[in-house]
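Trainee: May I request a close look at a single part of this protein, followed by an account of how that part sits among its surroundings?

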Amino acid sequence: MGFERIDDLLSEVTADGSLHGVAATVVGRDGVLYEGAAGDAKPGTMFRNASMTKAVATTAALQLVEQGRVDLDATVASLVPEFGELQVIDGFQGNEPVLRAPRAQATVRQLMTHTAGCGYHFLNGELLAYCEGQNFPNPLEGAKKSLSAPLVHDPGTVWEYGVSTDWLGMVVEAVSGQTLADYLAEHVYRPLGMTDSTFAPTDEQRARLLPVRFRAPDGSLVATDLDLPAAPEWDAAGHGSYGTVADYGRFVRAWLNGGELDGTRILKEETVELALRDHLDGAPLPKKMEPAIPELSNPVELLDVPQGWGLGFHLYLIDLPGMRSAGSADWSGLFNSFFWIDRKAGIGAVIATQLLPFFDGKMVETILRFEAAVYAELGAAV
């Protein structure tokens, strides 16, 4: 396959200043179909995976489910007792938060589907008010205490994006007896040949890290101090890993192949199929996510088509014309990185820059053009 139009796209959006650097890969079941980079990004550039860490950490937990060491419907508190101490924010009296016990205990499955009641300070105004009023740390500051902020909903009631996967990482640690970084290195990164994936980049890897830029109100890209902490207190399953686009492409290929890559199996086929089914159980997805901190995220409006959430992945439940197929899985990272896994078409892709706020208009336009080019090339080759 040629994919020359993707080279042209990446060159165009960096040459005109829309993005300072961008890298992408397209993979099939049998290998890499495309790999390219432009602007300040090179093929070996390191990226902050941010929330793209979530799918990899969920894969670790699914391995433990396969082994019978974790039950999807076990309560989180039965494995990580501290979770059972969390209360729910039930409004404020003056400046004081009103807290109460949750009406149900969250399960491991609910951590994977973001229905456990956890939130993020930058997406939930009530949680932000709590953190600011109580001088409570947030997860992006690197303090493990940040995970103990109150729940924002009763478990099982609605989909709310938050620190659920960080707690899932703590489940992996409690059950395996390893740190999340060590577990992933042994059971995911090394088996899949993800040689640059890590929670603690070396000096050499940091030298390859694409700097973060901030989209100023006039549309220009400026330097920013907004970044992940260099030495966080825990291996953040929700946002803490780093790696190359090529590394993440190997992870995508393993999922395309039903849990296997180059003769190495990390998940059973039936586990992959289970994970890529909708598990929301009636809990609604939001139509739009409005940020509480605009410096970190723009508003995110979901397409008005049937969608769901599997075990660790967002799902489209219908074909998108000229783009991905029904059942495709995807997600993204805070610094404007994105991936999708289309098992029906046998294709997946990763595209990344390092830019704030999330859901940058220029990057979203680039992603849409990138995906359309991928499927146009795929159609031309059939």
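Trainee: Which residue in strand 18 stands opposite Phe-214?

Mentor: The model is a predicted one. In it, the residue that stands opposite Phe-214 is Leu-356, in strand 18. The two strands concerned are strand 6 (residues 213-215) and strand 18, which run parallel and are joined by two bridges. They belong to an open sheet of three strands with the order 7-6-18, in which the pairing is mixed. Strand 7 (221-223) and strand 18 (355-356) are the edge strands of this sheet, and each of them pairs on one side only.

A second open sheet can be set beside this one. Seven strands form it, in the order 2-1-17-16-15-14-13, and their pairing is antiparallel. Strand 2 (31-39) and strand 13 (307-309) lie at its edges with a single partner strand each, so one side of each has no neighbour in the sheet. From one strand to the next, the twist averages 15°. Within this sheet, strand 15 (residues 329-333) and strand 16 (residues 337-342) pair in the antiparallel sense over five bridges. Here Ser-332 stands opposite Phe-338, which lies in strand 16.

Two helices pack on the seven-stranded sheet. Helix 1 (residues 4-15) touches strand 1 (21-28), strand 2 and strand 17 (347-352), and its direction makes about 20° with that of strand 2. Helix 9 (residues 245-256) touches strand 1, strand 2, strand 16 and strand 17, and its direction makes about 25° with that of strand 1.

Phe-338 leads on to the largest pocket, since this residue is among those nearest the pocket's centre, together with Val-300, Tyr-316, Asp-330 and Phe-359. The lining of the largest pocket comprises 39 residues, and its volume is about 770 Å³. At least two lining residues come from each of strand 12 (300-301), strand 13, strand 14 (314-316), strand 15, strand 16 and helix 11 (361-381).

Let us turn next to the interior. In soluble globular proteins, nonpolar side chains tend to be buried together. The largest nonpolar core here has 116 residues, and those touching the most other members are Phe-83, Trp-167, Trp-255, Phe-339 and Phe-370. Leaving out residues up to four places away in sequence, Phe-83 touches Trp-167 and Leu-151, and its other contacts include Val-76, Leu-111 and Cys-118. Apart from this core lies another, of seven residues, including Leu-127, Phe-136, Ala-149 and Val-152.

Ala-149 deserves attention in its own right. This residue is found in the loop between helix 5 (125-133) and helix 6 (164-176). Ala-149 counts as buried because its relative accessibility is 10%, and buried means under 20%. When neighbours within four places in sequence are set aside, Ala-149 is in contact with Leu-86, Leu-127 and Phe-136. Tyr-120 is 29 residues from Ala-149 along the chain, and their C-alpha atoms are separated by 9.4 Å.

Ala-149 also borders enclosed space. The whole structure holds six cavities of 30 Å³ or more, and the largest contains about 90 Å³ of space. Of the 14 residues that line the largest cavity, Gly-119, Leu-127, Ser-146, Ala-149 and Val-163 lie nearest its centre. Leu-127 and Ala-149 are thus named both in the core of seven residues and in the lining of the largest cavity.

Note on methods: Residues are numbered from 1 along each chain as its sequence is written. This is a predicted model: local features need pLDDT of at least 70, side-chain atom pairs count only at pLDDT 80 or more; totals for chains, interfaces and linings use all residues. Side-chain values use heavy atoms; hydrogens and water are left out. Two strands pair if DSSP finds at least two bridges between them. Helices (H or I, at least four residues) and strands (E, at least two) are DSSP runs, numbered from the N terminus. Axes are lines fitted to C-alpha atoms, for helices over the stretch in contact, and angles run from 0 to 180 degrees between N-to-C directions. Contact means heavy atoms within 4.5 Å. Buried means under 20% relative accessible area, exposed over 50%, partly exposed in between (1.4 Å probe, protein chains only). A nonpolar core is a set of buried Ala, Val, Leu, Ile, Met, Phe, Trp, Tyr and Cys residues joined through side-chain atoms within 4.5 Å. On a 1 Å grid over the protein atoms alone, a cavity is a set of points where a 1.4 Å probe fits but cannot get out, and a pocket is an open set with protein on both sides within 12 Å along at least five of seven lines; lining residues have an atom within 4 Å of a point. Grid points are joined across faces, edges and corners, and a volume is the space filled by probe spheres set on the points.
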